Amino acid sequence: IVLFGSVILHELGHSIAALQCGIKTRDITIYPFGGIARIESDPEAPRDEIIISLAGPAVNLILFILCLPLALSGSYWATLFCNININVMSC
């Protein structure tokens with residue numbers, strides 16, 4: 001459940017960034033170990049493409065940073081959550 005939630009938030013990050021750049025998202029498909037946010041068109045400006053590409057991993061990085069203090073205190077679940085988000089971030 002945590003993995004799917006992290007993947008969904010990752011793809012929503014891409015979608016929200018695309019929307020901010022004026023591009024709508026057609027759909028989001030979630031697979032067992034990843035997902036795809038299909039946007040309606042390619043970004044015209046390289047800057048927009050970079051923003052959209054980095055938005056998903058940025059969401060996972062933020063989740064990782066927010067949960068890191070609990071993981072460092074020894075919480076098994078927080079450590080698992082951090083590990084999942086680092087792995088989703090790299091996808």
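**Chain layout and the packing of helices α2 and α3**

Among contacts in the protein chain between residues at least 6 apart in sequence, 52% join residues at least 24 apart. This figure, like the others reported here, comes from a predicted model. The chain contains three helices and two strands, and these follow one another along the sequence in the pattern α-β-β-α-α. Along the principal axes, the C-alpha trace spans about 45 × 25 × 15 Å. Of the 91 residues, 31% count as buried. The surface that the protein chain exposes comes to about 6000 Å², and carbon and sulfur atoms supply 68% of that area.

A good place to look more closely is the pairing of two helices, α2 (residues 46-72) and α3 (residues 76-89). Their axes come within 8 Å and cross at roughly 160 degrees. Because this angle lies over the 145-degree cut-off, α2 is roughly antiparallel to α3. The crossing of the two helices is left-handed. By class, the contact of α2 with α3 has 14 nonpolar, three polar and no charged residues. On the α2 side, the residues that take part are P57, N60, L61, L63, F64, C67, L68, L70 and A71. They meet A78, T79, F81, C82, N85, I86, V88 and M89 in α3.

One of the α2 residues in this contact, N60, deserves a paragraph of its own. With a relative accessible area of 0%, N60 falls under the 20% limit and is therefore buried. Leaving aside residues up to four places away in sequence, N60 touches S6, H10, N85, V88 and M89. Three of these partners, N85, V88 and M89, are also listed on the α3 side of the helix pair. The other two, S6 and H10, fall within helix α1, which covers residues 2-20. N60 thus touches residues of α1 as well as residues of α3.

Helix α1 also offers a contrasting case in Q20. At 67% relative accessibility, Q20 lies over the 50% limit and so counts as exposed, whereas N60 is buried. The C-alpha atom of Q20 is separated by 9.1 Å from that of D48, although the two residues are 28 apart along the chain. D48 itself falls within α2, given that this helix runs over residues 46-72.

Terms used. Residues are numbered from 1 along each chain as its sequence is written. This is a predicted model: local features need pLDDT of at least 70, side-chain atom pairs count only at pLDDT 80 or more; totals for chains, interfaces and linings use all residues. Side-chain values use heavy atoms; hydrogens and water are left out. Helices (H or I, at least four residues) and strands (E, at least two) are DSSP runs, numbered from the N terminus. Buried means under 20% relative accessible area, exposed over 50%, partly exposed in between (1.4 Å probe, protein chains only). Contact means heavy atoms within 4.5 Å. Axes are lines fitted to C-alpha atoms, for helices over the stretch in contact, and angles run from 0 to 180 degrees between N-to-C directions. Angles under 35 degrees count as roughly parallel, over 145 as roughly antiparallel, 65 to 115 as roughly perpendicular and the rest as oblique. A crossing is left-handed if the near helix is turned anticlockwise from the far one by less than a right angle, and right-handed if clockwise. Ala, Val, Leu, Ile, Met, Phe, Trp, Tyr, Cys and Pro count as nonpolar, Asp, Glu, Lys and Arg as charged, and the others, Gly among them, as polar. Accessible areas come from the Shrake-Rupley method with a 1.4 Å probe; for residues, only the protein chains shown count as cover.
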